[in-house]
Amino acid sequence: MTKQVFNIPYGVNFLSALADYVLSSADHVADDIILLPTRRVCRAFESALLERSGKTALMIPKLIPFDSAGEQEEEFFDIDDVSFGVDDFDVIDPIDRLFILTKLVQQEHQHLSYDHAFGMAGELARLIDYMKNEQLSIDALQDISTDQYSEYFKQSFDFLKIIIQFWPAILKESNVIDPSDARVRRLYSFMEFLKHKKTGRVIAAGSTGSLPATRVLLDTVASMSNGQVVLPACDMGLHESVWSDLGETHPQYGMKLLLDRMGIDRSVIQPLPFKEDLPVLSERGRLASQMMLPAHSTDEWMDAAPFTADVLEGIEFAECDTEVMEARVIAGRVYQAQQAGQSVMIVTPDQLLMKRLKTLFNRLNLFVDDSAGVPFGSVSGGQFLRLVFKAVWDDDVLSVLSLLKSDLITYEGQVDAVRELESFARKYRVGRMHDVLQDHASLLQTDYPLAYGYLSWYQNLIQPLRLLMREEFISFGTAFQLHLQLAEQLSSTLWQDELNVQGMHFLRDHVLSITENIPRESYGGLLDHLFNLSSVRPEAREHKCFMVGPIESRLMTADLVIVAGLSEGVFPSLRRDDPFLNDQMRVSLGLPSLSRKVGLMAHDFANFLCLPQVLFTRSVKRGGEPQLTSRFIERLKAVLGLSGLSLPESDLVYSAGQLDFPEDDQGHPVSRPVPYPPVSVRPRVLSATNVERWMRDPYEIYAKYILRLRQLDGLNEPMGVADFGTIIHDVLDAQLKSGLPWTVDGLQEAFKRAIVESKVPLNLQLFWLRRTDQIAAWVVEQELQSSNIAQSFAEIEGRVQLDSSFAMTAKADRIDVLKDGTVSVLDYKTGKAPSEKEVYGGYAPQLVIAAMIAEAGGYHGVSGKVSQLVYRQLIGKRDEGGLDTVFDESMEDLIAMYHQNIKTLSLKYQNENQGYPARPNGAKAPKYSDYEYLERLLEWE
């Protein structure tokens, strides 16, 4: 019997042509069964049937979808919803299988953590399914010899012993089979069911038969008296010498395997009849065929008939500098299409680009349906559950505040309570939140009552899960149940979102029943794995714009199709997905090589090229790294170039680039910020430290004293050099004020006590104590050698009126009145002290201002001429305890110079025409500033 095999060539709308054929070749289509690759294609085919029939209602045939086998990018029949008989086998639950495999992994590799072992179990399960889909026995793995391979594959192959030695026996003992094995068995049972179908037709359309079982099914359908197979773009014009020697990377390779399995030649394939009003882009199909010729046959390009410019009508190409620009171009084209009432399909395997596009579409209020699905962990419900666990497990201020700020939290007065709690946490440098109610309860109740109530409510709710997480081993199902209850107590709106509800159903069906005992520290990682196993999709709706991956886009079309990410390694993807088997191992087992994926994507690209209106995009750089152009684009350019043609560049590339420039297309450098506030709001009193800032960076004074901007302290920031300096200052000040004798042991003990009371982390304590021991020894030595001090003052505040409109203040670390009646002003430095050049050059006024105040009697109890200024550097490194930098020459002249300079500066800024420039002298600019962001340094420097 002649097998009925039809073909829809390149350049023809597949679903419309198929709909024409189905409607015109039978009076009653309701009895037909039509097999199509995906559910989405089935929905699109329903629309095509209605459109091509011209009716608003129609009895449609039974549509049964193929489905994607995940990352392997292969096909298998998803016929679980088709009733054709009773199965006589039980299927192991996929989640149960992962936990069993995890135990096996840990038994053989005890050094792995539980969640890491669970991840490896997932890879083993994927390999099992892949081999079952290819109808290969696990026992075949035993025949592989790893002697000739690298050490990596030798070690990774050891994991395969787990499934070789133990897995078949476990299945047999439990009398269950793998899910992939069940699908293959159902597929063969389905074939038997089809053979007995007496009424209506069976039409299998759009599949190239990527898997052995699929090829058997297509052959079975073609062999039936009422069966027909419709191929997608079998290249009938490809020369026989080329066809007979196709490699795996060619788009027709899968088609050749299918026809070989069916035992037919291309000559028996018939063109599928369809209505004449359907556009046929035959020249575009010839272009697709030519550009995909194997390398050894590209000499045919020279003899082929040249193409005319008409072949490029409807094609655009956008080569963008970065992925940001690529996303802008796509968004701009989507906006144009939506304004024109066109439908749009965006196709890309680049997940990062998809995320960027979603963000951009949200900002532009462009609705694009991404119905390919996302892991539950990526939607609000999964993210909230992660926040809940992280807050309970880490209990640090950042994780708890991240949770308590969530929009999903249901707590009256949440905003005000969080504001108080954050203010408290910043002021008192809170670490673990569990200790806050114990250590600061009275303070919170008095000064932060809203924060106290919110935190008490939260701490009471988390207690059950917190107590469970103290145990060394926990039941995963029990822990997750408490985790879920806590999330629902914190948020009454958690499950109102459609995607969250879908994820919740998965969790209730598969996770709550898990009784496996796991180490408590593996709970979070295991939860992430399970979240990634659950994909959620928006409810199926008709939209004008949708975003899909290449697999889901097969046979789909729209008024405009945008194919993005056309760089080598992305489209086609060259990612090595198999951690256990390299290409040689796969081929020896009878598995397709990893290059087969390139052939599948080549077939996709050829189909896209033949669509009436298509935009191809790529970015020259991705993540800052240069990218090679996709081989498909390079081949297309080469074939077009022989006809004197080039890909039409989209004008949106220029338009998107212009978003960064002003309308007049002239770039204008950003000027240095110079605000001119009214004289009445300018500061009249500055501390010595801020006078120095005024000299070096006037803009900082404007931001700090006129705008009154302050940088918030970080939450739970690690202790650093500033904290070390504070401890040194406080201990030395306390010692000086106490009047007690200076002893090395006493000072070292004081430093140690201060470090411990400041709750310095243990690892930092050891480092700081080594420094303070050296500092203490050096300081005591200096004190014992100082015999000319009559009286000392520590941490003393003073003020001097420079003129009628400006005053200065200073807090001196230490002032010594010497026995000769003169004064010595000393400043402790745990960092670098100002150089002699800076002091005498007029840019280090702090000690000099303190000297001015001392001579003017601005410090209570201090009077006399200043004879010296001392910067006491407390180093405590490399056997160097400290270093005194003393300035004792020309003190009268030095003080007079600073007095005049500061007075001139003060008068200068009392003029409304004098602005506050940012860093007027780059060489004298401060090394750091809290206001650098406001100054936009990178833009004007």
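**Exercise 1. State whether Asp 20 is buried or exposed, and identify its salt-bridge partner.**

Solution. Asp 20 has a relative accessibility of 2% and therefore counts as buried, the limit for that class being under 20%. The model examined here and in the exercises below is a predicted one. The next step is to look for a partner of opposite charge. The side chain of Asp 20 meets that of Arg 52 in a salt bridge, with an N to O distance of 2.8 Å. The two residues belong to distant parts of the chain: Asp 20 is in helix α1 (residues 14-24) and Arg 52 is in helix α2 (residues 39-53), 32 residues apart. Finally, Arg 52 is buried, with a relative accessible area of 13%.

**Exercise 2. Determine where Arg 126 and Glu 123 lie, and where Arg 919 and Glu 932 lie.**

Solution. Begin with the pair formed by Arg 126 and Glu 123, whose closest N and O atoms are 3.6 Å apart. A salt bridge requires these atoms to be within 4 Å, so the pair qualifies. Both residues lie in helix α4 (residues 114-133), three residues apart, which is about one turn of the helix. Glu 123 is partly exposed, with a relative accessible area of 28%.

Turn then to Arg 919 and Glu 932, which form a salt bridge with closest N and O atoms 3.2 Å apart. Arg 919 lies in the loop between α36 (891-908) and α37, whereas Glu 932 lies in helix α37, so this pair ties together parts that are 13 residues apart in sequence. Arg 919 counts as buried at 8% relative accessibility, while Glu 932 counts as partly exposed at 30%.

To place these pairs in context, the count for the structure comes to 39 salt bridges. Salt bridges also link Glu 783, Arg 814, Asp 816, Arg 872 and Asp 884 in a network.

**Exercise 3. Establish how many disulfides the structure holds, and examine Cys 234 and Cys 610.**

Solution. The structure holds zero disulfides. For Cys 234, the nearest cysteine sulfur is that of Cys 610, 14 Å away. A disulfide requires the two sulfur atoms to be within 2.5 Å, and therefore Cys 234 is in no disulfide. The check from the other side agrees: Cys 610 is in no disulfide, and its nearest cysteine sulfur is that of Cys 234. As to accessibility, Cys 234 is buried with a relative accessible area of 2%, and Cys 610 is buried with a relative accessible area of 5%.

**Exercise 4. Classify the ring pair of Tyr 702 and Tyr 916, and locate both residues.**

Solution. A pair of aromatic rings is described by the distance of the centres and the angle of the planes. The ring centres of Tyr 702 and Tyr 916 are 6.2 Å apart and the planes stand at 35°, so the pair is tilted. Tyr 702 is in helix α30 (residues 698-706) and Tyr 916 is in the loop between α36 and α37, 214 residues apart. Both tyrosines are buried.

The structure holds 26 aromatic pairs. Ring pairs also join Phe 99, Phe 118, Phe 389, Trp 393, Phe 476, Phe 480 and Tyr 523 into a cluster. Rings may further be examined for a charge above them. The charged end of Arg 286 sits over the ring of Phe 307, 4.1 Å from its centre, and that of Arg 693 sits over the ring of Tyr 928, 5.2 Å from its centre.

**Exercise 5. Describe the surroundings of Leu 934 and the backbone at Arg 936.**

Solution. Leu 934 is found in helix α37 (residues 932-935). With a relative accessible area of 35%, Leu 934 is partly exposed. Together with Leu 707, Leu 709 and Tyr 933, Leu 934 forms a nonpolar patch on the surface, with about 400 Å² of accessible area in total.

Arg 936 lies in the loop between α37 and α38 (937-940). Although it is not a glycine, Arg 936 has a positive phi of about 55°, and it is partly exposed, with a relative accessible area of 42%.

**Exercise 6. Find where Ser 890 and Pro 572 are placed, and state the backbone feature of each.**

Solution. Ser 890 is in the loop between β26 (880-887) and α36. Its phi is positive, about 50°, although Ser 890 is not a glycine. At 48% relative accessibility, Ser 890 counts as partly exposed. Pro 572 is in the loop between β17 (560-563) and α25 (583-589). The peptide bond leading from Phe 571 to Pro 572 is cis, with omega near 10°.

Key
Residues numbered from 1 in each chain as written. Predicted model: local features only at pLDDT ≥ 70, side-chain atom pairs only at ≥ 80, totals over all residues. Heavy atoms only, no water. Buried < 20%, exposed > 50% of the residue type's maximum accessible area, 1.4 Å probe, protein only. Patch = residues over 30% accessible without salt bridge, like charges linked within 9 Å, V, L, I, M, F, W, Y side chains within 5 Å. Areas by Shrake-Rupley, 256 points an atom, 1.4 Å probe, with all protein chains shown as cover. Helix = DSSP H or I, 4+ residues; strand = E, 2+ residues; numbered from the N terminus. Phe/Tyr/Trp six-rings, centres within 6.5 Å; stacked < 30°, edge-to-face > 60°. Lys NZ or Arg CZ within 6 Å of the ring centre and 35° of its normal.
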